[in-house]
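Student: Could we go through this structure together, starting with how the helices pack and then moving on to whatever else stands out?

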Amino acid sequence: MSENLFHNPHLKFDGKVPSGKVSWQSPSNIALVKYWGKKEVQIPCNPSLSFTLSESKTQTLLEYKPSDEAKNSVQFFLEGEEKPSFAEKIKIWFDLLEPLFPFIKQLDFTIHSKNSFPHSAGIASSASGMSALALCLCSMEKKHFGFSGSDDDFLKKASYVARLGSGSAARSLFGGVVSWGEIENLPGTSNLWGSAQTANIHPDFLSFHDSIIIVDAAQKKVSSRIGHGLMNSNPFAATRFKQAKSNILELITAMKRGDMDKFINITESEALTLHAMMMTSNPYYLLLKPNTLNIIERVFEYRKQTGTPLAFTLDAGPNIHLLYPDAVKSDVHKFIDSELKQFAFQSMVIQDRVGKGPEKLSI
Ligand code: DP6
């Protein structure tokens, strides 16, 4: 599949350049099989799989007007506060998007974004933020130039656009279970966009909850961008990429069969492998905190004692995501309150669950 698939020199205003606004809400996602390692430009070294979340989301309003003398400025406000450093990142992404949307250069943009999750939680918002903005750009195309494809084609393009902003954002365009990256034997998968994998998944998995236990809310010391880069010289990288490819197929099969034990085994192994890759990079680094390990130990023990289907996963930080089916929700909440909250930063736990994907907002 060509990287130039969505390049379109015709998406440029001929006459009067319009003003307008568009708004989307898009969710975050939590990876089960982790994307860790990439090639140019935003091509993953292995396919990944995630649950789309429901409550952790970003609402974005994109306002545009004709640019004076092709200045093409971007102003970014997060919860009303101007963030020039975010605007810089978005500008770099927009430059990358110029062959897809040449109209970008004819406009000045003001972006207002707000996250549903608390500022203080230290949760990354790039997947929800970039996917919301990607959808706004695709809606602009549809409004001003028309879009002849289907709704699925629209989301595929938005996923492609989001990927160029942040890899994991490519998975936030669809509800339920989503993959990104080419998977052998799975038609429709691609390195260029995410694909819904929800069909035939056992309903128990689609009712899953994600309780996010905030262990440390400080900004992480090593960014994901640097972490991905360190995989280029990690001595275990090739084996890891191979492992992720077989894990993803095994996990999808387990989720179709309703095999909870297999789900727990692969999901937890993926979380620990991600952090093992950080520890075996050069320079090596460690993002887990003592309380991350305290929680993991308690989860192992609780599962052994009660047999409750409860898995943990981690993203590139110390916070724990607890994943479990709706049927055990009240038991798990009791366990969190009595045993795990003591290890959380300011007792902070964010309750989330598998969600349905993005939504266009009327303005
Ligand atoms: C550990 O998507 O944040 O969360 O493409 O550089 O923006 P960039 O990286 P990013 O990496 C996410 C890494 C991860 C695993 C995952 O979400 O698959």
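Tutor: Let us begin with one convention, which is that an angle over 145 degrees between two axes counts as roughly antiparallel. Please also keep in mind that this is a predicted model.

Student: Fine, so at roughly what angle do the axes of H7 and H8 cross, and within what distance do they come?

Tutor: The axes of helix H7, residues 260–279, and H8 cross at roughly 165° and come within 14 Å. With the cut-off for roughly antiparallel set at over 145 degrees, H7 and H8 are therefore roughly antiparallel to each other.

Student: Is that crossing left-handed or right-handed, and which residues make the contact?

Tutor: H7 passes H8 in a left-handed crossing. On the H7 side the contact is made by Ile264, Glu268 and Leu272, while H8 brings Ile296, Val299, Phe300 and Arg303. Sorted by class, the contact of H7 with H8 has 5 nonpolar and 2 charged residues, with no polar ones.

Student: What about H8 and H9, how do their axes cross?

Tutor: The axes of H8, residues 290–306, and helix H9, residues 329–340, come within 11 Å and cross at roughly 135°, and H8 and H9 are therefore oblique to each other. The crossing in which H8 passes H9 is right-handed.

Student: And which residues meet there?

Tutor: From H8 there are Ile295, Arg298, Val299 and Tyr302, and these meet Asp331, Val332, Phe335, Glu339 and Leu340 of H9. The contact of H8 with H9 divides into 6 nonpolar and 3 charged residues, with no polar ones. Val299 of H8 takes part in the contact with H7 and also in the contact with H9.

Student: Now the H1 and H2 pair: what are the angle and the distance there?

Tutor: For helix H1, residues 84–96, and helix H2, residues 126–145, the axes cross at roughly 45° and come within 13 Å. H1 and H2 are therefore oblique to each other, and their crossing is right-handed. In this contact Ile90, Trp93 and Phe94 of H1 meet Met130, Leu133, Ala134 and Leu137 of H2, and the residues divide into 7 nonpolar, no polar and no charged.

Student: Switching to the backbone, which peptide bonds are cis?

Tutor: One cis peptide bond joins Glu40 and Val41, with omega at about -20°, and Val41 lies in the loop between strand S2 (38–39) and strand S3 (43–44). The peptide bond from Asn282 to Pro283 is also cis, with omega near 5°, and Pro283 is found in the loop between H7 and H8.

Student: Back to the S2–S3 loop, what is the phi of Gln42?

Tutor: Gln42 has a positive phi of about 55°, although it is not a glycine. Like Val41, Gln42 has its place in the loop between S2 and S3.

Student: Last topic, pockets: how much space lies in the second largest one?

Tutor: The second largest pocket holds about 220 Å³ of space. It is lined by 14 residues, and the closest to its centre are Pro47, Glu182, Ile183, Glu184 and Lys245.

Student: Where does the largest share of that lining come from, and how does it divide by class?

Tutor: Helix H6, residues 237–257, gives the largest share of the lining, with 4 residues. By class, the lining of the second largest pocket divides into 6 nonpolar, 4 polar and 4 charged residues.

Note on methods
Residues numbered from 1 in each chain as written. Predicted model: local features only at pLDDT ≥ 70, side-chain atom pairs only at ≥ 80, totals over all residues. Heavy atoms only, no water. Axes fitted to C-alpha atoms, helices over the stretch in contact; angles between N-to-C directions. Helix = DSSP H or I, 4+ residues; strand = E, 2+ residues; numbered from the N terminus. Parallel < 35°, antiparallel > 145°, perpendicular 65-115°, else oblique. Left-handed = near helix turned anticlockwise from the far one by under 90°. Contact = heavy atoms within 4.5 Å. Nonpolar A, V, L, I, M, F, W, Y, C, P; charged D, E, K, R; others polar. 1 Å grid on protein atoms, 1.4 Å probe; cavity = no way out; pocket = protein on both sides within 12 Å on 5 of 7 lines; lining within 4 Å. Points joined across faces, edges and corners; volume = space filled by probe spheres on them.
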